[in-house]
Amino acid sequence: MTDTRLIHTVGVGAIEWLWAHRDGFRLEPDVDPEIGFLERFKPVGELALICKVLFREGVAGSRQAQLARQLLDHAWRETLDGGTMLVRGQRTEPISPIPFEVYLPFKELGYSQPDVERAVVLNHRLDSWIAFETTPTRRLGLSSFQRRYGLTPRPPEADLVGTTWLARTPEPWSVEGHIAYDVTHTVFHLTDWGENPDGLPPVIADYLATWLPVWIDDWLDLERWDLLGELLVVDACLPRPTLDERAWQAFAAAQQPDGAMPAIRTMPEGTPDEVFDIVYHPTLVAAFASVLATSRALSGLAHAS
């Protein structure tokens, strides 16, 4: 099993980098309509989700927790203008679930925007909400978000699990990048982002216990750090995580001295905004993997691989 200090240090560095580059969490209100105003909301929602996990698990140091709260306050106040930009986004694309997805973790952490909440309740009643075309994994996520919000999921989560790739436990060698990301997010949704490992049906948990170590080895060899980080999160979501030592040591070694995590192999080149857009996600994932794996290791639920 990996040294817990190494795992924890990855998260500390990641939060430091995210705070230092907080202005990268920006919107583009005047973007070309063909590109989509709501596309830039995704990083903000992911930031809120990961910070929520950090607070929930309670294993962060005092500075790490302080920076996470400051990041949230900055994103809510400066990027989202106190939630006003979410209202604008909902009015721009009335049926898009993105404002709802971004708002939920902020609401769970004590932030509030009444106009967004009214729009959520209204949209939830519309047939267009169910008709909105998306992948099975994201549909499962939307239903889980509705449950967490206090709404009746439409459709129910139980009706959606079997539609995902992972629930069918297909040939494990057929996994490629897009499928692997769907696998990770299916696990995130079923376990409420690692809060409830028992949310994984036993068949899925057994399938992952067998094949996840193989996938971790594959993406470690390819140096795809973003996806490897998500797979390390999946490991920490399992009833019996392994905290693979070889993978964690390589993952930590790939992290830059300033805390940034490259997506693939080495750090990209470009303007600060271009680099941020490539690196923010693997760095957020590094923080996510670190806090969840640290919590699992300290709780004594990990076992040697």
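## The pocket and its walls

Which helices each supply at least two residues of the lining of the largest pocket? Six names make the list: helix 2 (42–57), helix 5 (98–108), helix 8 (136–149), helix 10 (177–190), helix 12 (225–237) and helix 14 (272–298). Keep in mind as you look around that this is a predicted model.

So how much room is in there? The largest pocket holds about 1,100 Å³ of space. It is lined by 35 residues, and those closest to its centre are Lys42, Glu46, Arg138, His185 and His281. Helix 14 gives the largest share of the lining, with eight residues. Sort the lining by class and you get 18 nonpolar, eight polar and nine charged residues.

## A closer look at Glu46

Glu46, one of the residues closest to the pocket's centre, sits in helix 2. Is Glu46 buried or exposed? It counts as buried, because its relative accessible area is 16% and the cut-off for buried is under 20%.

Who does Glu46 touch? If you skip its neighbours within four places in sequence, Glu46 is in contact with Tyr280, His281 and Leu284. You've met one of these already: His281 is also among the residues closest to the centre of the pocket.

## The nonpolar core

Now for the greasy part. The largest nonpolar core has 98 residues, and the ones that touch the most other members are Phe41, Leu80, Phe106, Leu208, Trp215 and Phe251. Helix 14 turns up again here, supplying 13 residues, the largest share of this core.

Leu80 makes a handy example. Leaving out its neighbours within four places in sequence, you'll find Leu80 in contact with Leu27, Phe41, Val44, Ala75, Met85, Leu86, Val102 and Phe106. Two names on that list, Phe41 and Phe106, also appear among the core residues that touch the most other members.

## Cysteines without a bridge

A disulfide is a covalent bond between the sulfur atoms of two cysteines. How many disulfides does a search of the whole structure find? The count is zero.

Why doesn't Cys51 form one? The closest cysteine sulfur, in Cys237, is 17 Å from the sulfur of Cys51, and that is too far for a bond; a disulfide needs the two sulfur atoms within 2.5 Å. Seen from the other end, Cys237 is in no disulfide either, with the sulfur of Cys51 as its nearest cysteine sulfur.

Both cysteines are tucked away from the surface: Cys51 is buried at 2% relative accessible area, and Cys237 is buried at 0%.

Notes. Residues numbered from 1 in each chain as written. Predicted model: local features only at pLDDT ≥ 70, side-chain atom pairs only at ≥ 80, totals over all residues. Heavy atoms only, no water. 1 Å grid on protein atoms, 1.4 Å probe; cavity = no way out; pocket = protein on both sides within 12 Å on 5 of 7 lines; lining within 4 Å. Points joined across faces, edges and corners; volume = space filled by probe spheres on them. Helix = DSSP H or I, 4+ residues; strand = E, 2+ residues; numbered from the N terminus. Nonpolar A, V, L, I, M, F, W, Y, C, P; charged D, E, K, R; others polar. Core = buried A, V, L, I, M, F, W, Y, C linked by side-chain atoms within 4.5 Å. Buried < 20%, exposed > 50% of the residue type's maximum accessible area, 1.4 Å probe, protein only. Contact = heavy atoms within 4.5 Å.
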